Every structure is written in structure tokens, then in C-alpha cells.
Amino acid sequence: MTQQSVSKRKFIKKGAVIIAASGVLCCGGGLLATKRKKPVAPVETPSFSFGESASATKRILVAYATRTGSTVGVAQAIGEVLGARGFTVDVKPFLEDPDPGEYQAILLGSAVNGAQWLPEALDYAERWSSTLNRVPLALFCVHILNLGEEEGEKQNRLAYLNPVRALLHSAEEAFFAGQGLMPEEQSLLVVWAYRALQIFPEGDCRDWEKIRTWGQQVLRTT
């Protein structure tokens, strides 16, 4: 059997898997959604405060946007570290529309969907751009694709912030892995489809050491 025949056979087999999996996800999505192993609770977007002290030299805002909830934990962990560094820190969702004029430094973060920040995060950056550009600023993304160190993945990852960079002049940026497919929340058929397509990793991929290390280092030069 020639190498060309083997390649063609693999291509056909891979195509069949993709077609089958796509049919499961697209055509049967409504049915599969009703057969999760356990119901998914609505995503909460809480606020937190850390390091409240009269001696704090800086009041910092950590604003975030999330879809599945993983960005909440990332923002909270960063806020905790900043509070331990002696700052007064408010961690708030963009949905609360916190006034950036009340802070001496600001961190903005969002989950990534469609290769960019969520709409409420982009809207906030645009509406408050003049105020945000007057204070020390840092940005972070929480995503599940383009996690590797190959050049193509690095460039794709950096491109997530292109719309934000057009609005804000940030000196510091960070990219954190979020949560992938949670098998316990899906039917076996959905899990099979995602694994067949190898869309993204499974489980909680958040690297808490990396997140907290960035919290220790960010805004050191301001």
C-alpha cells in the first residue's frame, strides 16, 4: 500500500469522525443539553474586597467578565495577592460598571470567546478608555485554546487582546488557562464528540501558582 493511499485513508477516517461529531453537536444539541449528568447552576458574578487598610497607599480595581465562572476564581486569586501586598482591592464584575476614577491602578480581565474578550468587557474598555488610560493598567485573559508555546499558538493568544490594545495603553498583560470540558456536566455523547474533535483540554486547567505569581509581580514598576 502506498503512502498516498494511507494518507487518503486517514483523511477519510478523520473526516468521518468530524462529520459524525458535528452532527451530534449541531443537530442533537437540544436533546443532549437535556441529558447532562447534573444540572448546571447559573454562573454567579460576585464582588470581593481585600486588604482594606487606612495605611494602604493604593486602591486597586480588578474588574472581570466570565461565562462559565472560571474567571471569577482567577480575579479573586489576583485580588487576594494584591491585598496581601498592602493594597486595598475591589474585585468586581464589569456588569456592575465600577467607576475607574475611584482607583489609582486597575486590572481588567475577561474570559475569551470568539477569539476576543466578552462583550461587556470590551464595552467597558471603550466607554471608560479616557479614564483607564490615565492610571497604571494591566490586562489578563482566561482562555482554553492556544495554550501551547508554538509560534502560531503564541500569536493567536496575543491576538485576543488586539481590540483592547486599540483602546487602552497597557504595559502588562497575562494569559491564563481556564476550564475546559467538564465531563461530569455533560452526557456521554457530548463528551465523545468533544474528544473525537479534540477541541480543547478537559477539566480545570487553571494554574494557580502562575496566577498568584503574576499577582505578586504586576504593577511593581508603578
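How many salt bridges does the count come to? It comes to 9 salt bridges, and this is a predicted model, so keep that in mind when reading the distances below. On the aromatic side the count is 6 pairs, while the disulfide count is 0.

**Strand β2 and its neighbours**

- Start with β2 (residues 59-65): 6 of its 7 residues are buried, so the strand is largely enclosed by the rest of the structure.
- On one hand, β2 runs parallel to β3 (residues 88-93), and 6 bridges join the two.
- Val62 has Val91 as its bridge partner in β3.
- Helix α3 (residues 70-84) goes with this pair, and β2, α3 and β3 make a right-handed β-α-β unit.
- On the other hand, β2 also runs parallel to β4 (residues 105-113), again with 6 bridges joining them.
- Here Ala63 is the residue that stands opposite Leu108 of β4.

**Aromatic pairs**

- As a reminder, two numbers describe a pair of aromatic rings: the distance of the centres and the angle of the planes.
- Among the 6 aromatic pairs is the one formed by Phe94 and Tyr124, which is tilted, with 5.0 Å centre to centre and 55 degrees between the planes.
- Phe94 sits in the loop between β3 and β4 and Tyr124 in helix α4 (residues 119-127), so this pair ties together parts that are 30 residues apart in sequence.
- Both Phe94 and Tyr124 are buried.
- Phe140 and Phe176 make another pair: their ring centres are 6.2 Å apart and their planes are at 55 degrees, so this one is tilted too.
- Since Phe140 belongs to strand β6 and Phe176 to strand β7 (residues 172-177), the pair ties together parts that are 36 residues apart in sequence.
- Phe140 and Phe176 are both buried.
- There's also a cluster, in which ring pairs link Phe94, Tyr124 and Trp128.

**Salt bridges**

- Asp97 and Arg127 form a salt bridge, with their closest N and O atoms 3.0 Å apart.
- Asp97 is in the loop between β3 and β4 and Arg127 is in helix α4, so the contact ties together parts that are 30 residues apart in sequence.
- Arg127 also meets Asp123 in a salt bridge, at 2.8 Å from N to O.
- That second contact stays within α4: Arg127 and Asp123 are 4 residues apart there, or about one helical turn.
- The three residues here are partly exposed, with relative accessible areas of 32% for Asp97, 43% for Arg127 and 36% for Asp123.
- Arg157 and Glu149 give a salt bridge at 3.6 Å, N to O.
- What about burial in that pair? Arg157 is buried at 12% relative accessible area, whereas Glu149 is exposed at 57%.
- Arg59, Asp90 and Glu102 are joined into one network by salt bridges that share partners.

**Cysteines**

- With the disulfide count at 0, the accessibility of individual cysteines may still be of interest: Cys141 is buried at 0%, and Cys205 is partly exposed at 24%.

**Positive phi outside glycine**

- Asn146 isn't a glycine, yet its phi is positive at about 55 degrees.
- You'll find Asn146 in the loop between β6 (137-143) and α6 (151-159), and it is buried at 18% relative accessible area, since the cut-off for buried is under 20%.
- Leu219 is another non-glycine with a positive phi, here about 70 degrees.
- Leu219 lies in the segment after α9 (208-217) and is buried, with a relative accessible area of 3%.

Methods: Residues are numbered from 1 along each chain as its sequence is written. This is a predicted model: local features need pLDDT of at least 70, side-chain atom pairs count only at pLDDT 80 or more; totals for chains, interfaces and linings use all residues. Side-chain values use heavy atoms; hydrogens and water are left out. Buried means under 20% relative accessible area, exposed over 50%, partly exposed in between (1.4 Å probe, protein chains only). Two strands pair if DSSP finds at least two bridges between them. A crossover is right-handed if, with the strands pointing away from the viewer, the path from the first strand over the helix to the second runs clockwise. Rings of Phe, Tyr and Trp (its six-membered ring) pair if their centres lie within 6.5 Å; planes under 30 degrees apart count as stacked, over 60 as edge-to-face and the rest as tilted. A disulfide is a pair of cysteine sulfur atoms within 2.5 Å. A salt bridge is a side-chain nitrogen of Lys or Arg within 4 Å of a carboxyl oxygen of Asp or Glu.
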